[in-house]
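Could you walk me through this model, starting from a single residue and working out to the empty spaces? Let's take it step by step.

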Amino acid sequence: PDSGYGLFETDNTALRPTISLADSWVTVPGPGVTTDTITILAWIKPTTLVANGGIVFARAGQPATALNLNGTGNLGYHWLDAAATYQFDSGLTPAVNQWSLAALVVEPDQATIHMINAGGAQSAVNTATHAPRGFTDNLRIGGYPNNVNRNFDGIIDEVAIFNTALAPAE
């Protein structure tokens with residue numbers, strides 16, 4: 001309710017990962033698909049904007065693939081650890097202590113990052129090639145697999161993964 005969304009429970013028990021705190025994330029099995037077309041989304045409420053903070057991250061034995069905050073605290077992503085993806089700067093900065101819906105839509109020839117919050121809807125497109133990736137490894141929600149200093153710091157809720165590219169209206 002403090003962010004203009006009256007449907008969030010005031011006693012919400014969403015995930016609360018913390019920077020530098022091991023095991024404050026959740027590990028879940030990957031969706032078990034191989035694809036170059038996927039949507040990853042989550043409601044986030046950052047306490048601080050951790051550089052390279054993991055929101056939903058896959059990296060267990062495969063190249064990094066994720067929805068995350070980039071090095072400047074903007075929404076970002078990794079796809080098969082390609083520089084054209086992790087160096088992309090969306091310019092979309094989630095507000096601290098406010099809920100935002102963050103979504104990554106990957107297609108073979110582009111990726112779109114969407115952010116919706118009390119300030120409205122914004123999007124940024126990265127025109128890059130995305131090869132198919134097997135999502136057979138575990139996903140870490142709220143953490144970066146190789147460094148606890150890159151944990152997301154705040155609250156994450158309602159994570160969802162779709163084996164399709166959702167349109168903005170969806």
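**From one threonine to the voids**

Leaving aside residues up to four places away in sequence, Thr112 touches Ala103, Leu104, Val105, Ser123, Ala124 and Val125, where contact means heavy atoms within 4.5 Å. Thr112 sits in strand β8 (residues 110-117); strands (E, at least two residues) are DSSP runs, numbered from the N terminus. With a relative accessible area of 9%, Thr112 is buried, the cut-offs being under 20% for buried, over 50% for exposed and partly exposed in between (1.4 Å probe, protein chains only).

A quick word on ground rules. This is a predicted model, so local features need pLDDT of at least 70 and side-chain atom pairs count only at pLDDT 80 or more, while totals for chains, interfaces and linings use all residues. Residues are numbered from 1 along each chain as its sequence is written, and side-chain values use heavy atoms, with hydrogens and water left out.

Now over to a hairpin. Strands β5 (residues 65-69) and β6 pair in the antiparallel sense over four bridges; pairing takes at least two DSSP bridges between two strands. One of the matches is Leu67, whose bridge partner in β6 is Tyr77. Five residues lie between the two strands of this hairpin, and Gly73 in the turn has a positive phi of about 90°. In a regular strand, side chains alternate between the two faces of the sheet. For β6 (residues 75-78) both faces are covered: Leu75 and Tyr77 are buried on one side, Gly76 and His78 on the other.

Leu67 turns up again in the lining of the largest cavity, alongside residues including Ile40, Phe57 and Phe135. On a 1 Å grid over the protein atoms alone, a cavity is a set of points where a 1.4 Å probe fits but cannot get out; a pocket is an open set with protein on both sides within 12 Å along at least five of seven lines, and lining residues have an atom within 4 Å of a point. There is one cavity of 30 Å³ or more, and the largest holds about 40 Å³, volume being the space filled by probe spheres set on points joined across faces, edges and corners. β4 (54-58) and β5 each supply at least two of its lining residues.

The largest pocket has about 220 Å³ of space. Of its 15 lining residues, Leu101, Ala103, Ile116, Pro168 and Glu170 are the closest to its centre. β3 (38-46), β7 (100-107), β8 and β9 (120-126) each supply at least two residues of that lining. Ala103 thus links back to the start, as one of the residues that Thr112 touches.
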